Amino acid sequence: MSSKISTLLEDIASRLEERKEPEQANLTLFLEEIKEVMQNFFTEDSNHDSTGKLRLSSVGREDRKLWYGFQGYEKEKLTRDLKIRFCFGHILEAFVLLLTRESGHLVEDCQKEVDVKGVKGHIDCRIDGELVDVKSASPYGFKKFQDGSILTGDDPFGYLYQLSSYGAALGKEKGYFFSIDKSGGGLDLLEVPLDRVDPAERIGYLKDILPDTEPPPRCYSEVRETSGNRKLGFNCKFCDYKAECWKDSNNGAGLRRYNYAKGPEFFTHVVREPRVEEDFF
């Protein structure tokens, strides 16, 4: 009798109690995936050109951010730390699939290409016949998978649209987010009904607005401090296009970056100078 995805987490826990070597075939697949991850890490251009392109993995992202990429605006270069963090994520996702195979569950169609209204993407895999998207997350992001808030609007990366797009291509009414906490090692499997959003409608809308010569409205408002200063919110300050998007801030001088102990903050209007070092970028 074939295994069912509903028992996946329990089966992984049981497999780890067995203390036996992994199957050679599963280990070989894992090592092949890690080899590909490392080859891409050292050779891929992380700031690849997205001019005139749209991918299913990104259709849920903010309109204005997608517009900048579609129009060919240059992204900020990834820092060393971010490159390494993304690499960790890919390694963990391969590890999760090794755990899945070792626990007796069937993994198929890894990176299979799919299409919705001419927009292409690649699914992570099917597990026991079910559509699955594997996510590595910070403890904060992992909690959103655990409590289901990723399905109720707290989804800044557009993951629901991504999974729903894959589901539309495959004719699936449900899918799963299989997530791992990259700090604490926790695992979660969240079943997702795929009727909450309409990816075909969203893609049609994007095809209409992305070729426009003027960008859509800004995605988020500034954060106002009691000092009268204004700065970028959480989602804006990690955007690849923030310098271009906010080039009219500070009376046309552009964003000002100040290095706080918890990381840089980007100010759009300065009334009172922050008491930390300003770092020009």
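This passage walks through how several helices pack in a predicted model, and where one loop residue and one enclosed helix fit in.

A good place to start is helix 4, residues 80-102, which takes part in two of the helix pairs described here. Two packed helices are described by the angle between their axes and the distance between the axes. For helix 2, which spans residues 24-43, and helix 4, the angle is about 170 degrees and the axes lie 10 Å apart. Angles over 145 degrees count as roughly antiparallel, and helix 2 and helix 4 are therefore roughly antiparallel to each other. The crossing of helix 2 past helix 4 is right-handed. On the helix 2 side, the contact is built from N26, L27, L29, F30, E33, I34, V37, M38 and F41. Helix 4 contributes K83, I84, C87, H90, I91, A94, F95, L97, L98, R101 and E102. By character, the residues of this contact between helix 2 and helix 4 comprise 14 nonpolar, two polar and four charged.

Helix 4 also packs against helix 1, residues 8-18, with an angle of about 85 degrees and axes 9 Å apart. That angle makes helix 1 roughly perpendicular to helix 4. Here L8, I12, R15 and L16 of helix 1 meet L99, T100 and E102 of helix 4. Four nonpolar residues, one polar and two charged make up the contact of helix 1 with helix 4.

Next comes the loop that links helix 4 to strand 1 (107-108), where S103 is found. Is S103 buried or exposed? With a relative accessible area of 14%, S103 falls below the 20% limit and is therefore buried. A polar atom of the S103 side chain lies 2.8 Å from the backbone oxygen of T100. Leaving aside residues up to four places away in sequence, S103 touches L8, D11, I12 and R15. Of these, L8, I12 and R15 also appear in the contact that helix 1 makes with helix 4.

Turning to another part of the model, how enclosed is helix 3, residues 63-70? Six of its eight residues are buried, so helix 3 is largely enclosed by the rest of the structure. The buried residues of helix 3 are R64, K65, L66, W67, Y68 and G69. Among the elements that cover these buried residues are helix 7 (199-209) and helix 9 (242-245). Just after helix 3, G72 adopts a positive phi of about 90 degrees.

Definitions and conventions: Residues numbered from 1 in each chain as written. Predicted model: local features only at pLDDT ≥ 70, side-chain atom pairs only at ≥ 80, totals over all residues. Heavy atoms only, no water. Axes fitted to C-alpha atoms, helices over the stretch in contact; angles between N-to-C directions. Helix = DSSP H or I, 4+ residues; strand = E, 2+ residues; numbered from the N terminus. Parallel < 35°, antiparallel > 145°, perpendicular 65-115°, else oblique. Left-handed = near helix turned anticlockwise from the far one by under 90°. Contact = heavy atoms within 4.5 Å. Nonpolar A, V, L, I, M, F, W, Y, C, P; charged D, E, K, R; others polar. Buried < 20%, exposed > 50% of the residue type's maximum accessible area, 1.4 Å probe, protein only. Polar contact = N/O pair within 3.5 Å; in protein donor to acceptor, adjacent residues only side chain to side chain.
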